[in-house]
Amino acid sequence: MKSFNDMDAIANPLRRRLNIALWLNAALGRFIILMGILGAALLSLKMIRPELAPFSFYLFFFTPFLALYAWLECRKKDAFFKKYETIEILDCLFRDDGSVTAFYEEPSLNRDPLFYSVLKKSIHGRLPEIDPLYYVKRIIPVLLFFALAVLVPPRITETREQHRQIISSLTQPLVDKIEENSVLFSDEEKAELMQNLEEIQNDARGVSREKWEAIEEVQERIDKAVDLKNQNIQKMLSDLNRMSTLLDNQEQKIRSAPGSPKTQAAMEKLLGNLDLNNASMRLSPMKQAELDKLLNQMKEAVDKEALKQALGDLQKELSSCGCLGKEPGYNMCEGSGDGEGECPGRGGISRGRGDAAMVFGDDKTLPQAKFKDQELSNRFLTPEDLVDLGVTPLEPKPDPGKFSPGTLKSFESLEGTQVSRTRISPGQKDVISKYFAK
Amino acid sequence: MEESNQIQEKIDRIHPAVNSLIRELNQVLLDKERLIQDLVTGILSRGHVLLEGLPGLGKTELVKGVAHLCSVDFKRIQFTPDLLPSDITGSFILQQTNEKREFIFQKGPVFTNILLGDEINRASPKTQSALLEAMQERCVTVMGETFSLPDPFFVMATQNPIEMEGTYPLPEAQVDRFLFKLHLTRPAEGVLSDIVLNRVFGLPPKQEPVMNLEDLRSAIRIAQEIYISEAVASFISRLVDASHPDSPLAPPLVKKYVRYGASPRAAIALGSAARAKALVLGRVQAGFDSVKQLFPLVMNHRIILDYSARIDGVSVNQVMDDILKNVDEYSKSLPSGVRES
């Protein structure tokens with residue numbers, strides 16, 4: 001294969017252009033990958049370790065090496081255009097008649113001295129060109145991604161002090177509650193609770209799920225103690241009410257001329273209960289002393305009026321035995337309104353304990369109700385109301401086909417050998433799979 | 001340099017005769033310049049040509065015209081189902097001379113320069129195969145004795161695409177021996193009126209030969225000396241390779257519909273045809289344009305499609321177009337990011 005200067009002069013600029021395009025392509029791919037990695041690293045660091053995020057910009061120093069690497073790789077893979085391959089392109093651009101390649105290979109075939117000048121003139125302005133848009137289109141998305149990674153603000157990390165403040169804001173109300181209701185806890189219990197709260201507060205791991213759970217546990221223990229106290233007070237009030245009822249039926253003096261033996265026995269039992277409840281109410285010492293005094297007065301009352309007076313005082317005193325600064329028992333939630341969860345059985349998701357007494361409102365007819373309420377004239381059904389709508393020849397049987405798709409259609413195969421083919425909804429499937437996964 | 005100049009001179013000397021042949025043939029078959037140029041290209045590349053077209057389009061007249069204008073021997077065989085191989089090749093017959101009887105070889109119609117096999121697909125496969133040796137080896141063997149055929153020797157067979165009943169389609173091995181398969185189409189309306197006006201009894205105009213046998217031989221020889229560059233040869237090989245469904249160069253249609261691609265004989269044929277085409281065009285080198293132009297003629301009977309092509313209505317022409325569209329003329333494609341002006 002021979003070459004000569006005329007052909008070189010025409011082919012070399014094209015060859016250079018094509019090789020630059022090849023190198024740019026190789027570098028472009030790597031640049032896109034680098035920018036992608038850089039953006040991803042920047043985003044990750046901003047989320048995980050914001051203080052290290054600026055260091056990711058050091059990856060930019062790889063850019064020149066990347067260009068060099070692309071060039072070396074093209075060389076290694078022998079990807080660059082050779083002169084002969086460029087001449088093939090020139091041939092196709094010229095007349096597509098094989099003359100350029102033939103004359104390049106066998107110059108003696110060319111008898112036209114003007115051939116190269118014609119060739120040069122013919123391909124002038126028709127040589128393939130590097131398209132900058134091609135590269136811009138590919139770089140823009142990755143640059144946008146990188147810009148986005150730069151613009152995303154780093155995650156604000158809480159300092160240790162901020163952690164302490166958050167935890168304090170959670171634990172301090174509990175400490176206050178314990179202090180306020182210290183009589184509800186024994187010294188050991190109180191010390192344990194305080195120690196738990198202190199450990200939670202001093203834990204350096206920040207706000208975590210475990211901490212929340214620990215705080216919840218302490219909260220539950222306090223609530224449980226308060227509930228116990230309230231229950232005892234309620235029992236005592238209940239006994240006093242019953243006692244008051246008994247007294248209303250008693251005509252004579254209690255001690256000197258006792259009533260019927262049955263009433264007497266009931267009174268004795270109620271007094272015994274009052275003693276028991278009194279012992280387990282866990283009131284403050286001062287309050288407890290007052291209550292003991294009133295209880296003794298009631299026991300020592302000689303006539304009905306004195307006893308009723310003592311009972312009234314005792315009820316009043318008991319009602320004033322507040323727990324957590326509120327009225328004890330259920331009587332504090334009288335009236336209407338949902339409240340904010342402080343009243344048992346009322347309110348939304350924070351409505352309080354489930355075992356609280358239910359409060360019924362007025363009867364309402366639902367707007368979507370199929371049947372309307374009808375008041376019976378005699379308050380019971382008369383034969384006229386019981387009219388036969390029709391008589392069926394056989395006993396009515398449920399039609400399995402009319403069941404909704406989610407229900408079991410047939411109960412016939414009870415041996416367990418057959419499989420129910422009933423279709424179930426995705427929601428039900430989820431519940432069933434969760435159940436069997438346990 | 002001297003050798004190159006000699007080729008150029010030879011081309012310059014024979015090219016006018018070739019041009020005259022094409023010009024005169026255009027008088028035989030009106031409005032078929034392209035087909036005639038392809039036929040002459042086939043003759044100059046020493047290839048056999050299969051002409052396909054409906055009856056009455058002038059296939060036989062065209063071949064007869066070639067023989068007449070080149071002043072070469074011409075014979076015609078009308079292929080029929082009862083035609084025997086010996087009817088083509090000839091046979092030994094017992095002949096009485098003055099003193100003795102001896103077997104003398106009676107040459108068949110195959111001993112000619114241009115053999116017109118009319119409706120070749122009507123003969124039995126046994127008879128068709130009698131042409132095989134003649135077409136490829138350019139000799140005939142009868143009863144163990146081999147006889148060379150005249151030089152040049154061409155088979156120009158015609159085939160009728162309709163009336164397929166009672167025909168024997170040519171086997172692939174035999175079809176592959178034809179350089180080109182040319183399709184004759186009906187003339188345009190304007191041309192038809194010219195034919196009506198000027199062709200009384202359908203006879204072609206009287207023409208004088210434009211070259212003799214020696215000129216034809218010389219033209220064929222010169223065509224084989226035409227220079228073909230490595231780039232063009234590489235393009236031919238890529239095109240032929242792309243016709244195989246298992247080739248990495250194969251375009252989607254080839255991968256989906258082609259059962260068998262073209263053989264290396266097709267690549268040789270395409271190279272020879274490109275050289276001959278250069279002679280027709282008066283060039284010293286074969287070009288990419290000639291290869292692209294001749295590719296369908298060389299390939300259309302060599303690419304075997306599978307049944308799915310028939311179901312989907314995909315033709316060989318569509319497959320060949322797909323190959324030409326997808327195979328780059330450059331051995332190395334332009335890099336992405338470079339746009340052609």
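Select the boundary of chain B and chain A in this predicted model: across that interface, 17 residue pairs are in polar contact, both members of each pair having pLDDT 80 or more. On the side of chain B that touches chain A, the elements giving two or more residues are α1 (2-28), α9 (230-241), α12 (288-299) and β12 (338-339) of chain B. Colour α1(B) separately, since this helix gives the most to that side, with four residues. By class, the side of chain B that touches chain A holds 11 nonpolar, 11 polar and nine charged residues.

**The extent of the interface**

Extend the selection to every residue in the contact: 31 residues come from chain B and 37 residues from chain A. The size of an interface is often given as the accessible area lost when the parts come together. Here the area buried between chain B and chain A is about 2900 Å², and carbon and sulfur atoms give 55% of that area. Within chain B, display Y227(B), K332(B) and R339(B), which lose the most area to chain A and together account for 21% of what that side buries.

**R339(B) and its partners**

Keep R339(B) on screen. Four salt bridges are found across the interface of chain B and chain A. In one salt bridge, the side chain of R339(B) meets that of D131(A), with an N to O distance of 3.1 Å. Now show the backbone here: strand β1 (residues 129-130) of chain A pairs with β12(B) in the antiparallel sense, over two bridges. Within this pairing, R339(B) in β12(B) is the bridge partner of E129(A). R339(B) therefore appears in three roles: among the residues of chain B that lose the most area to chain A, in a salt bridge with D131(A), and as the bridge partner of E129(A).

**Chain B as a whole**

Hide chain A and display chain B as a cartoon. Chain B has 14 helices and 12 strands. Of its 341 residues, 52% are buried. Among contacts in chain B with a separation of 6 or more, residues 24 or more positions apart account for 76%.

**A hairpin in chain B**

Select residues 90-96 and 101-107 of chain B, which are strands β3 and β4; the two run antiparallel and are joined by seven bridges. The hairpin that links β3(B) to β4(B) passes through four residues. For a reference point, label I93(B) and its bridge partner in β4(B), I104(B).

**Salt bridges inside the chains**

Over all chains, the count of salt bridges is 23. Begin with K277(B) and D38(B), whose side chains meet at 3.9 Å, N to O. This pair links distant parts of the chain: K277(B) belongs to helix α11 (residues 264-281) of chain B and D38(B) to helix α2 (residues 33-44) of chain B, 239 residues apart. K277(B) is buried, at 1% relative accessibility, and D38(B) is buried as well, at 4%.

Next, select K181(B) and E52(B), which form a salt bridge at 3.5 Å, N to O. K181(B) lies in strand β9 (residues 178-183) of chain B and E52(B) in strand β1 (residues 48-52) of chain B, so the pair ties together parts 129 residues apart in sequence. Both K181(B) and E52(B) are buried.

Return to chain A and display R30(A), E73(A) and K77(A), which are joined into one network by salt bridges that share partners. Within the network, the closest N and O atoms of K77(A) and E73(A) are 3.5 Å apart. K77(A) is exposed, at 59% relative accessibility, whereas E73(A) is buried, at 16%.

**Backbone exceptions**

Most residues other than glycine have a negative phi, and most peptide bonds are trans. The last stops depart from this pattern.

- Select D151(B) and P152(B): the peptide bond between them is cis, with omega about 0°. P152(B) is found in the loop between β7 (145-148) and β8 (154-159) of chain B.
- Select M143(B), a residue other than glycine with a positive phi of about 50°. M143(B) lies in the loop between β6 (139-142) and β7 of chain B, and M143(B) is exposed, at 68% relative accessibility.
- Select D96(A), also not a glycine, with a positive phi of about 65°. D96(A) is placed in the loop between α3 (83-94) and α4 (99-105) of chain A, and D96(A) is buried, with a relative accessible area of 11%.

Terms used
Residues numbered from 1 in each chain as written. Chains lettered and ligands numbered in written order. Predicted model: local features only at pLDDT ≥ 70, side-chain atom pairs only at ≥ 80, totals over all residues. Heavy atoms only, no water. Contact = heavy atoms within 4.5 Å. Buried area = accessible area lost by both parts, 1.4 Å probe. Polar contact = N/O pair within 3.5 Å; in protein donor to acceptor, adjacent residues only side chain to side chain. Nonpolar A, V, L, I, M, F, W, Y, C, P; charged D, E, K, R; others polar. Pairing = 2+ DSSP bridges. Buried < 20%, exposed > 50% of the residue type's maximum accessible area, 1.4 Å probe, protein only.
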